[in-house]
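This report covers the surroundings of a bound ligand and the packing of a pair of helices. The sequence and structure come first.

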Amino acid sequence: MNDMRAVERDVDTNDLKITARGVDVFYGDTHAIKDVDVDIVDNTVTAFIGPSGCGKSTFLRCLNRMNDTIDVARVEGSIMLDGEDIYDPKVDPVQLRAKVGMVFQKPNPFPKSIYDNVAYGPRIHGLAKDKAALDEIVEKSLRRAALWDEAKDRLDQPGTGLSGGQQQRLCIARAVATNPEVLLMDEPCSALDPIATAQIEELIDELRSRYSVVIVTHSMQQAARVSQKTAFFHLGELVEFGETGHIFTNPSDPRTESYITGRIG
Ligand SMILES: Nc1ncnc2c1ncn2[C@@H]1O[C@H](COP(=O)(O)OP(=O)(O)OP(=O)(O)O)[C@@H](O)[C@H]1O
Ligand SMILES: [Mg+2]
């Protein structure tokens, strides 16, 4: 392993939720992720930053095997969740994605009611024994996503009828409804206005008390506001990874400094 790599060594290994080691991703002949090591710490927000095309989304998708759905993608290396290899053939990717939930750039509610959007995961995973239990999960998830007050009187109306920011919170409610342990968010605020963005950022900070959150963002301000750890990617490599405050005030690598000061990207 490359000693220059700034994987944090000072955390108690009990706090490690995900450990990725020597991860490579190929799309056909394109080598999109090159020998990346990352530790995701529990109850922590980790930001992935870097110029467009550097591999942030590709690496994020490795963490819940979403790259499985891309025919030409090939993932190598090891990714452990709570010490278990998520690429083991025994692991069911659908179960894995309930544990490692994902929120995308563009809010993508199902063409169903608000209630059914949130109830979808719990139903397919058999998490509720009856209607009352399902109602409870739906309410709890919408509350956790800070959408309950706006949605409680219109649960039977289509999720697509909500505003963009509300739709994104609905997608967060849908993701938390299956009791995930990790939430992956790929530029979750890029389609939102500043007020909705501020709401989602506040929510991310609250979600951290229960989950590990990994967020891809193009906004350095957002990374600085919401995350405790930051990983800077460049051309498929993980250039630098460490405490967010440190990365933004005293980066070790000139490429990180160029990016955060706006010279590359
Ligand atoms: N489905 C795919 N098929 C082939 N190549 C892909 C695919 N998805 C991504 N790539 C390539 O992999 C590299 C990394 O892309 P990725 O989408 O991970 O970057 P990113 O850092 O998320 O960029 P952005 O900030 O623009 O979202 C790029 O060269 C991209 O063209
Ligand atoms: Mg991306």
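Which helix gives the most residues to the shell around ligand 1?

## The shell around ligand 1

The model is predicted. Helix 1, spanning residues 56–62, makes the largest contribution to the shell around ligand 1, with 4 residues. The ligand is surrounded by 14 residues, and those that come nearest are S52, G53, K56, S57 and T58.

Sorted by class, the shell around ligand 1 holds 6 polar, 5 nonpolar and 3 charged residues.

## Polar contacts and burial

Oxygen atoms of ligand 1 are approached by both side-chain and backbone atoms of the protein. In the side chain of S52, an N or O atom is 2.5 Å from an oxygen atom of the ligand. The backbone takes part at G53, where a polar atom is 2.8 Å from a ligand oxygen, and at G55, where a backbone N or O atom lies 3.0 Å from an oxygen atom of ligand 1. Ligand 1 on its own exposes 630 Å², of which the protein buries 64%.

## Packing of helices 6 and 7

A packed pair of helices is described by two quantities, the angle between the axes and the distance between them. Helix 6 covers residues 164–176 and helix 7 covers residues 194–207. Their axes are 9 Å apart, and the packing angle is about 20 degrees.

Angles under 35 degrees count as roughly parallel, so helix 6 and helix 7 are roughly parallel to each other. The crossing in which helix 6 passes helix 7 is right-handed.

Methods
Residues are numbered from 1 along each chain as its sequence is written. Chains are lettered from A and ligands numbered from 1 in the order in which they are written. This is a predicted model: local features need pLDDT of at least 70, side-chain atom pairs count only at pLDDT 80 or more; totals for chains, interfaces and linings use all residues. Side-chain values use heavy atoms; hydrogens and water are left out. A residue is near a molecule or strand if one of its heavy atoms lies within 4 Å of it. A polar contact is a pair of N or O atoms within 3.5 Å; within protein, one must be able to donate a hydrogen and the other to accept it, and residues adjacent in sequence count only if both atoms are side-chain atoms. Accessible areas come from the Shrake-Rupley method with a 1.4 Å probe; for residues, only the protein chains shown count as cover. Helices (H or I, at least four residues) and strands (E, at least two) are DSSP runs, numbered from the N terminus. Ala, Val, Leu, Ile, Met, Phe, Trp, Tyr, Cys and Pro count as nonpolar, Asp, Glu, Lys and Arg as charged, and the others, Gly among them, as polar. Axes are lines fitted to C-alpha atoms, for helices over the stretch in contact, and angles run from 0 to 180 degrees between N-to-C directions. Angles under 35 degrees count as roughly parallel, over 145 as roughly antiparallel, 65 to 115 as roughly perpendicular and the rest as oblique. A crossing is left-handed if the near helix is turned anticlockwise from the far one by less than a right angle, and right-handed if clockwise.
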